[in-house]
Amino acid sequence: HNHVLHTAKISNIQRTMKKLLIPVLLLAQSACLFSSQLGAPATSTVKPAPHRVTDTPSSLATINNHTIAESNLPAEILHELRKTENEWGQRRLHLLWAGTTQRIRDELLRAEAERRTVTVPDLIQTEVYEKTVNPTNNEVRALYEQHREKLGVPFQKARPYLEQQLIIQRREEHTEAFVGQLKKAARIEYSLPVPKLPRFGV
């Protein structure tokens, strides 16, 4: 019975940490990515390319030789259509940006590893893992106190998972900083398609 309770508590810690820290890590990563774009050197350029979100036929239907076009649809339907197209366009651009950034990151690491005549894992080991300092007890304790109520378990039980999450976050920060240095020495040109998002009143 005690083993079952212990396992349940461990699972609860893991679920709670995912809810608390993963969004923070994603937010930090997104901030680094967008900051790198805003602070890009003169050698980096952005070339917007027009892109239609959807292509709606001029005629949706005909009835007794009368054409029904998109503009003839009920106002509430048109509103939802514009809203959906807007959300889809933004989501598509986000995914394109994330995928492009990842490929640029991979290529920069590959090229730098090749320049040093080492493998990418060895490069990461040197520039990220070896430079990552383990969190102190006070740092882990501070994170625990910040989320004590949501964790719902004693500090000693939560400590291994909190410590692991802090290490992962620091490794990601070191990786982004290193990739940022590589970007400064590279010529990067973005040509992501910019969707024509519909405008509508609220």
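W97 is buried in this predicted model, with a relative accessible area of 6%. Its partner across an aromatic contact, Y190, likewise counts as buried, at 8% relative accessibility. Two aromatic pairs are counted in the model by the ring-centre rule. In the one formed by W97 and Y190, the ring centres are 5.2 Å apart and the planes meet at 40°, so the pair is classed as tilted, given that tilted applies to planes that are neither under 30 degrees nor over 60 degrees apart. Because W97 belongs to helix α2 (residues 75-115) and Y190 to strand β5 (residues 189-190), this pair ties together parts of the chain that are 93 residues apart in sequence.

The other pair joins Y144 and F155, whose arrangement is edge-to-face, with 5.3 Å from centre to centre and 70° between the planes. This pair, too, links distant parts of the chain, since Y144 sits in helix α4 (residues 137-146) and F155 in helix α6 (residues 155-184), 11 residues apart. Y144 is buried, with a relative accessible area of 3%, and F155 counts as buried at 6% relative accessibility. The ring of F155 also has a charged neighbour, for R141 lies over its face at 3.9 Å from the ring centre.

The two pairs are set out below.

| Aromatic pair | Centre-to-centre distance | Angle between planes | Class |
|---|---|---|---|
| W97 and Y190 | 5.2 Å | 40° | tilted |
| Y144 and F155 | 5.3 Å | 70° | edge-to-face |

**Packing around helices α4 and α3**

Helix α4 also contains V140, a residue that counts as buried at 1% relative accessibility. Leaving aside residues up to four places away in sequence, V140 touches P135, F155, R159, L162, E163 and L166, so that F155, already described as the partner of Y144, appears again among its contacts. The C-alpha atoms of V140 and E163 are separated by 6.0 Å, although the two residues are 23 residues apart along the chain.

Which residues of α3 are buried? They are L123, I124 and E127, and, seen down the axis of α3, the buried residues fall within an arc of 100°, so they line one face of the helix. The cover over these buried residues of α3 includes α2 and α6, the helices that hold W97 and F155, respectively.

**The chain as a whole**

The protein chain contains six helices and six strands, and, read along the sequence, these elements follow the pattern α-β-β-β-β-α-α-α-α-α-β-β. Of the 202 residues in the protein chain, 27% are buried. When contacts between residues at least 6 apart in sequence are considered, 74% join residues at least 24 apart. The chain exposes about 13800 Å², of which carbon and sulfur atoms supply 56%.

**Backbone conformation in two loops**

Most residues other than glycine have a negative phi. Against that background, N65 has a positive phi of about 65° although it is not a glycine. N65 is found in the loop between β3 (61-63) and β4 (66-68), where it is exposed, with a relative accessible area of 80%. T117, which is not a glycine either, has a positive phi of about 55°. This residue T117 is found in the loop between α2 and α3 and is exposed as well, with a relative accessible area of 71%.

**Confidence of the prediction**

How should the predictor's confidence be read along the chain, and where is pLDDT lowest and highest among the elements? The protein chain averages a pLDDT of 77, and 68% of the residues score at least 70. Among the elements, strand β1 (residues 45-46) has the lowest mean pLDDT, at 42, whereas helix α3 (residues 120-127) has the highest, at 95. Over residues 1-6 the pLDDT is below 50, and beyond near neighbours in sequence this stretch has one contact in the model. Over residues 22-53 the pLDDT is also below 50, but here the stretch has 48 contacts in the model beyond near neighbours in sequence.

Notes:
Residues are numbered from 1 along each chain as its sequence is written. This is a predicted model: local features need pLDDT of at least 70, side-chain atom pairs count only at pLDDT 80 or more; totals for chains, interfaces and linings use all residues. Side-chain values use heavy atoms; hydrogens and water are left out. Rings of Phe, Tyr and Trp (its six-membered ring) pair if their centres lie within 6.5 Å; planes under 30 degrees apart count as stacked, over 60 as edge-to-face and the rest as tilted. Helices (H or I, at least four residues) and strands (E, at least two) are DSSP runs, numbered from the N terminus. Buried means under 20% relative accessible area, exposed over 50%, partly exposed in between (1.4 Å probe, protein chains only). A charge sits over a ring if NZ of Lys or CZ of Arg is within 6 Å of the ring centre and within 35 degrees of the ring normal. pLDDT is the predictor's confidence in each residue, from 0 to 100. Contact means heavy atoms within 4.5 Å. The arc is that of the directions from the helix axis to the C-beta atoms. Accessible areas come from the Shrake-Rupley method with a 1.4 Å probe; for residues, only the protein chains shown count as cover.
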